[in-house]
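Biologist: I'm new to this one, so could you walk me through it?
Modeller: Sure, let's take a look together.

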Amino acid sequence: MHVFEELNILLIKRFQYRKKDIKREASHNGGHGLGGSHSSSGGSTLLGYIGIDTIIEQMRKKTMKTGFDFNIMVVGNSGLGKSTLVNTLFKSQVSRRSAGWARDEKIPKTVEVKAVSHVLEEGGVKMKLTVIDTPGFGDQINNDNCWEPISKYINEQYEKFLKEEVNITRKKRIPDTRVHCCLYFISPTGHSLRQLDVEFMKRLSHSVNIIPVIAKADTMTIEERQEFKQKELEMGGIEFYPQKEFDEDMEDKNDNDKIREAMPFAVVGSDKEYQVNGKRVLGRKTQWGIVEVENPNHCEFAQLRDFLIRSHLQDLKEVTHNIHYESYRAKRLNENGGLHPISCNDTQESNL
């Protein structure tokens, strides 16, 4: 299934929640549609169908027209396959790079933050996808405070959004460059987390949604994977998305508990296809055989993709806006005693 079909399914599912509630109320009251149903807050009885449930389809059509924004950041050492994994997730060449460092290209002496955007369209659904890369992270002899440029970038995007919000004449739709998700790539050493890994995730978990993944997981044995997983994150006292305190109900808790137990996802990325049992599959070829990217018996790429795109993409955006951005906004307003409205000339639009 293509990524946009998955987005459409996610959108329809979220809009169908209200439909289920309406049908449940109608069945309890013996009515058809909305006829004869009562408001749960003690409102008036509806004597016939008036079409309230069509708001679901109206919302779907409007969202389909305006499209989606999704901004994903990738962080980790060079050579962990960050660009390849993102390209595999979205089945397109969407990352800043699709290969490793060229021989004549030097590793940056400091951490850089580079973003590239693509408008992807399929089946009538549009999505502006921005991939933010962080070359140079963790590649130096001294990596002290190497997370600071990343933290600064994340906060700068919140500041841009905040300034647009307080404008007297606001845009109808404020450009959203805020980082909705940060994929943090852990080296597949089979040993404990590095101090750099722990420091980065601890420091940034309160400003961005961090999803840890074990990169190039085919280089580890199954036993090494299991030993490395949840135990390491719990011992480090690391918070990662989805956080337990954000579970809205028991259904959310049950679904998210399964995801939390599987973290960090052990993944393999590849943009090369091979013939396996008469089918073309994405995979990595080794002397022992083909590691199939989308085979759940080989790695957890499919689980990561379903979690990131099918079930939690909208929630990632909502947590970014309602939790992380609101925390930044409240802090800024408290510091300044409230931001004064500013003109459009005082802000610079992002050209990511």
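Modeller: One term before we start: contact means heavy atoms within 4.5 Å. And keep in mind that this is a predicted model.

Biologist: Leaving aside neighbours within four places in sequence, which residues is F265 in contact with?
Modeller: F265 is among the residues touching the most other members of the largest nonpolar core, which has 76 residues. Past its neighbours within four places in sequence, its partners include charged K229 and E300. The full set is I211, P212, V213, I214, K229, I259, E300, Q303, L304 and F307.

Biologist: Which element has the highest mean pLDDT?
Modeller: The protein averages a pLDDT of 81, and 77% of the residues score at least 70. At the low end of the elements sits helix 1 (residues 3–28), with a mean of 49. The highest mean, 96, belongs to strand 4 (residues 181–186).

Biologist: Is R260 buried or exposed?
Modeller: R260 forms a salt bridge with D247, their closest N and O atoms being 2.7 Å apart. D247 lies in the loop between helix 6 and helix 7, while R260 is in helix 7. Buried means under 20% relative accessible area. R260 has 7%, so it counts as buried.

Biologist: How many residues apart are E165 and R329?
Modeller: These two form a salt bridge, with the closest N and O atoms 3.7 Å apart. E165 is in helix 4 and R329 in helix 9, so the pair links distant parts of the chain. In sequence, they are 164 residues apart.

Definitions and conventions:
Residues numbered from 1 in each chain as written. Predicted model: local features only at pLDDT ≥ 70, side-chain atom pairs only at ≥ 80, totals over all residues. Heavy atoms only, no water. Core = buried A, V, L, I, M, F, W, Y, C linked by side-chain atoms within 4.5 Å. Buried < 20%, exposed > 50% of the residue type's maximum accessible area, 1.4 Å probe, protein only. pLDDT = per-residue confidence, 0-100. Helix = DSSP H or I, 4+ residues; strand = E, 2+ residues; numbered from the N terminus. Salt bridge = Lys/Arg side-chain N within 4 Å of Asp/Glu carboxyl O.
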